[in-house]
Amino acid sequence: MPAAALSTPDGSPVEVRRSARRTRTVAAFWENGTAVVAIPARFSAAQEAEWVHRMLAKLQRQGEKRAVGGRRRPASDAALAEHATALSARYLGGRAVPSSVRWVGNQNSRWGSATPSDGSIRLSDKLRPMPQWVIDYVLLHELAHLLVPSHNAAFWRLLEPYPETQRAKAFLEGVAFATSRSLPEPPGSCQ
């Protein structure tokens with residue numbers, strides 16, 4: 001099966017990377033919303049198909065285990081929309097019902113945006129490597145905008161139930177500060 005046609009069950013793309021330096025081991029990991037399977041360059045097409053299947057199943061099992069603890073990052077737009085529904089139910093009484101929720105690559109000065117008139121929410125791709133509690137805050141922030149368009153007292157009251165609001169705001173301010181000054185990322189940051 002050609003690599004371009006591969007996708008995970010939730011619709012995320014799959015990339016197969018062959019490496020001459022990789023001799024016996026196979027690895028799978030997430031990179032910017034893409035499931036990457038790294039295999040030795042010498043593998044036959046049959047070996048590639050077998051190992052890609054095995055490793056995607058392993059990634060799925062890992063994702064299910066993490067989802068139980070609430071740590072799984074929503075990789076696809078469909079997974080992000082599903083996560084938004086769960087956050088709305090948990091923190092906003094299910095009142096915020098977006099018509100669409102998606103990752104976008106064209107937001108350079110905002111972490112997220114919402115259009116209350118049509119119910120759409122967009123999150124910047126720049127959030128993807130950040131901790132899940134930060135992504136959840138931004139998503140909740142945009143969900144709250146579907147209910148209250150401005151940043152007034154009623155808006156901020158909607159976010160009070162989320163325990164990481166202040167911490168996430170501080171985290172994002174720190175990232176914005178470092179980015180505006182072209183400071184290097186410390187090793188292991190945003191993991």
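Accessible areas here come from the Shrake-Rupley method with a 1.4 Å probe. With that in hand, let's walk through this predicted model. The protein chain exposes about 11,100 Å², and 53% of that area is supplied by carbon and sulfur atoms. Of its 191 residues, 39% count as buried.

Next comes the overall layout. The protein chain holds 5 helices and 6 strands, and along the sequence they follow the pattern β-β-β-α-α-β-β-β-α-α-α. If you look at contacts in the chain with a separation of 6 or more, 45% of them join residues 24 or more positions apart.

Now head for the interior. The largest nonpolar core has 30 residues, and those with the most contacts inside it are Leu123, Leu127, Leu139, Leu140 and Leu143. At least two residues of this core come from each of α2, β4 (100–104), β6 (120–124), α3, α4 and α5. Helix α3 gives the largest share, 10 residues. Another core, of 12 residues, lies apart from this one and includes Val14, Val52, Met55 and Leu56.

Leu143 makes a good place to pause. Setting aside residues up to four places away in sequence, Leu143 touches Ala84, Leu87, Ser88, Leu92, Ala96, Pro98 and Ile121. Follow one of those contacts to Ser88, which sits in helix α2 (residues 77–92). Is Ser88 buried or exposed? Ser88 counts as buried because its relative accessibility is 1%, and the cut-off for buried is under 20%. Its side chain still has a polar partner: a polar atom there lies 2.7 Å from the backbone oxygen of Ala96. Beyond its neighbours within four places in sequence, Ser88 is in contact with Gly93, Gly94, Arg95, Ala96 and Leu143.

Our last stop is helix α5, residues 165–180. Its 16 residues reach 22 Å from the first C-alpha to the last, close to the 22 Å expected at 1.5 Å a residue. Which residues of α5 are buried? They are Thr165, Ala168, Leu172 and Val175. Seen down the axis of α5, the buried residues fall within an arc of 95 degrees, so they line one face of the helix. These buried residues pack against α3 (132–147) and α4 (153–159). Turn to the other side of α5 and you will find Gln166 and Glu173 exposed. After α5 comes Ser182, with a positive phi near 55 degrees.

Terms used
Residues numbered from 1 in each chain as written. Predicted model: local features only at pLDDT ≥ 70, side-chain atom pairs only at ≥ 80, totals over all residues. Heavy atoms only, no water. Helix = DSSP H or I, 4+ residues; strand = E, 2+ residues; numbered from the N terminus. Buried < 20%, exposed > 50% of the residue type's maximum accessible area, 1.4 Å probe, protein only. Polar contact = N/O pair within 3.5 Å; in protein donor to acceptor, adjacent residues only side chain to side chain. Contact = heavy atoms within 4.5 Å. Expected span 1.5 Å × (residues − 1). Arc of directions from axis to C-beta. Core = buried A, V, L, I, M, F, W, Y, C linked by side-chain atoms within 4.5 Å.
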